[in-house]
Amino acid sequence: MNHRPNSLHISDVAHSMHPYTNMRLHEEKGPMIMTEGNGARVTDSEGKEYIEGLAGLWSVAVGFSETRLADAAYAQLKRLPYYHSFAHKAHEPSIRLAEKLVEMTPEGLNRVFFTNSGSEANDTVVKMAWFLNNGLGRPEKKKFLSRTKAYHGITIASGSLTGLAGNQKDFDLPAIPVTHLTCPHYWRYGEEGESETEFTARLLKELEDTIIAEGPETIAGFIGEPVMGAGGVMTPPEGYWPGVVEICHKYDILVVSDEVINGFGRTGERFGCEKYGFTPDILVTSKQLTSSYMPLAAIVVNDKVYNAIADNTAKLGNFGHGFTGTGHPVACAVGLENLNIIEERDLMGNAKRLEPLFQDGLRAFSDHPLIGEIRGVGLIAGLEMADKKTKQPFGKPGAVAAKVVALAAEEGLICRNVYDTVALCPPLIVTEDDVREIHARLGRALDQALDWAKSEGLL
């Protein structure tokens with residue numbers, strides 16, 4: 001018989017494997033165990049309360065312990081706890097949620113396919129593109145264009161679309177045909193003396209040159225996050241996205257807007273594509289769709305994409321793809337109620353109203369010796385720890401950002417270090433007082449990290 005540890009900490013170290021974790025280091029450090037959540041705050045097993053400055057994982061829009069979502073889940077569990085959507089079966093929650101998503105997303109996106117996660121959704125997008133191109137007699141049109149620093153998930157196809165070395169090294173990725181273009185981050189990748197307008201023009205030329213070199217007949221789609229999230233919160237340069245769409249459509253290449261983080265008000269508009277003035281052929285959303293109370297993602301496509309897929313299913317007699325939990329009734333019931341709350345409480349409007357306070361308060365740290373650049377939009381931001389002149393990290397890459405995040409936790413603020421960037425993405429329900437408290441706690445952490453960096457000889 002296996003020995004059962006006598007505490008959660010010991011049991012976790014003994015039995016659990018954590019994502020995005022150095023497992024040997026975890027054996028030494030053990031977990032921070034969260035036991036409660038209420039609104040914009042969470043409490044750990046030691047009784048310490050934190051402002052959840054990353055909304056869980058960029059995702060808890062309505063805050064923690066929202067009774068209406070618990071009630072929606074319980075009511076659906078009692079009525080129809082599970083049913084599938086294979087072979088002409090359906091149920092009301094998935095129908096109503098699909099209807100709601102078509103209403104909320106940009107004009108022309110009219111059909112919805114559900115998955116359990118953003119990774120599965122982007123994997124499905126790749127398969128959809130391959131399926132429809134085979135059906136159109138274009139079997140060579142299979143390649144994808146993505147960007148370095150992009151994050152699109154961690155399954156085989158979506159992990160290939162991702163442009164982060166840490167998600168690909170020793171996983172044998174990319175495993176599908178994908179070309180990663182220059183990350184559209186002007187501060188980091190702009191050349192000396194190059195204006196932002198010139199930077200945009202260079203990236204658009206790179207895009208078109210790549211399409212021509214690869215052959216437009218071989219490229220199925222371009223995928224991108226309007227605001228890049230897990231790669232370090234990078235906002236695009238002016239004119240970038242409309243230019244991308246114009247070039248892609250010129251060569252009959254699908255444009256996929258990955259709104260897993262951006263969607264439902266995070267950028268101050270309903271969707272990131274609306275913030276930056278473009279309409280995609282395919283929109284992918286998750287996270288804030290249910291405030292992550294239940295696993296759920298959705299792919300919303302235009303009629304051109306749907307009709308090409310539907311015509312091929314008529315030829316073959318089937319669309320041989322789907323998941324046991326596709327359109328799970330409990331997840332869809334929670335998602336529908338979550339979107340109702342976001343609209344009723346004007347949480348997308350709250351993000352827009354608080355944007356100046358949130359962003360300006362963070363930019364007040366611009367002169368801090370540890371900070372190279374501060375960037376963001378709406379209620380999402382990144383503070384890059386780097387030398388302002390050289391743009392290089394202090395010491396070992398990621399070390400200073402990790403220290404800031406650790407010290408912020410001691411101050412009662414949870415944020416996340418993504419490489420050399422400290423990321424913030426609070427719940428959409430935050431108040432002015434919450435935002436000011438985030439600034440205050442982060443400021444103390446930055447000052448303590450500066451003292452530490454000096455003591456380590458990093459400055």
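# Salt bridges and helix packing

Visitor: How far apart, N to O, are the side chains of Lys100 and Glu103 in their salt bridge?

Guide: This is a predicted model, in which local features need pLDDT of at least 70, side-chain atom pairs count only at pLDDT 80 or more, and totals for chains, interfaces and linings use all residues. Residues are numbered from 1 along each chain as its sequence is written, and side-chain values use heavy atoms, with hydrogens and water left out. A salt bridge here is a side-chain nitrogen of Lys or Arg within 4 Å of a carboxyl oxygen of Asp or Glu, and for Lys100 and Glu103 the N to O distance is 3.4 Å.

Visitor: Why are Lys100 and Glu103 separated by about one helical turn?

Guide: Helices (H or I, at least four residues) and strands (E, at least two) are DSSP runs, numbered from the N terminus. Lys100 and Glu103 both belong to helix H5 (residues 92–104), and the separation of about one helical turn follows because they are 3 residues apart.

Visitor: Which of these two residues is buried, Lys100 or Glu103?

Guide: Buried means under 20% relative accessible area, exposed over 50%, and partly exposed in between, with a 1.4 Å probe and protein chains only. Glu103 has a relative accessible area of 53% and is therefore exposed. At 11%, the buried residue is Lys100.

Visitor: Which residue of helix H8 pairs with Glu384 across 196 residues of sequence?

Guide: Glu384 lies in strand E12 (residues 380–385), whereas its partner lies in helix H8 (residues 186–189), so the pair ties together parts that are 196 residues apart in sequence. Glu384 counts as buried at 8% relative accessibility, while the partner counts as partly exposed at 25%. With side chains meeting at 2.5 Å, N to O, the partner of Glu384 is Arg188.

Visitor: What is the N to O distance in the salt bridge between Arg68 and Glu344?

Guide: The pair links distant parts of the chain, with Arg68 in helix H4 and Glu344 in helix H13, 276 residues apart. Arg68 is partly exposed at a relative accessible area of 25%, and Glu344 counts as exposed at 55%. Their side chains meet at 2.8 Å.

Visitor: Are helices H4 and H13 roughly parallel or roughly antiparallel to each other?

Guide: Axes are lines fitted to C-alpha atoms, for helices over the stretch in contact, and angles run from 0 to 180 degrees between N-to-C directions. The axes of H4 (residues 67–79) and H13 (residues 329–344) come within 8 Å and cross at roughly 150°. Angles under 35 degrees count as roughly parallel, over 145 as roughly antiparallel, 65 to 115 as roughly perpendicular and the rest as oblique. H4 and H13 are therefore roughly antiparallel.

Visitor: At roughly what angle do the axes of H15 and H16 cross?

Guide: Contact, meaning heavy atoms within 4.5 Å, involves residues of H15 including Val400 and Leu407 and residues of H16 including Leu446 and Trp452. The two helices are oblique to each other. The axes of H15 (residues 399–410) and H16 (residues 432–455) come within 8 Å and cross at roughly 130°.

Visitor: Where is Lys142 found?

Guide: Leaving aside its neighbours within four places in sequence, Lys142 is in contact with Trp130, Asn134, Pro177, Thr218 and Ala220. Lys142 is buried, with a relative accessible area of 17%. Lys142 is found in the loop between helix H6 (118–135) and strand E5 (143–147).
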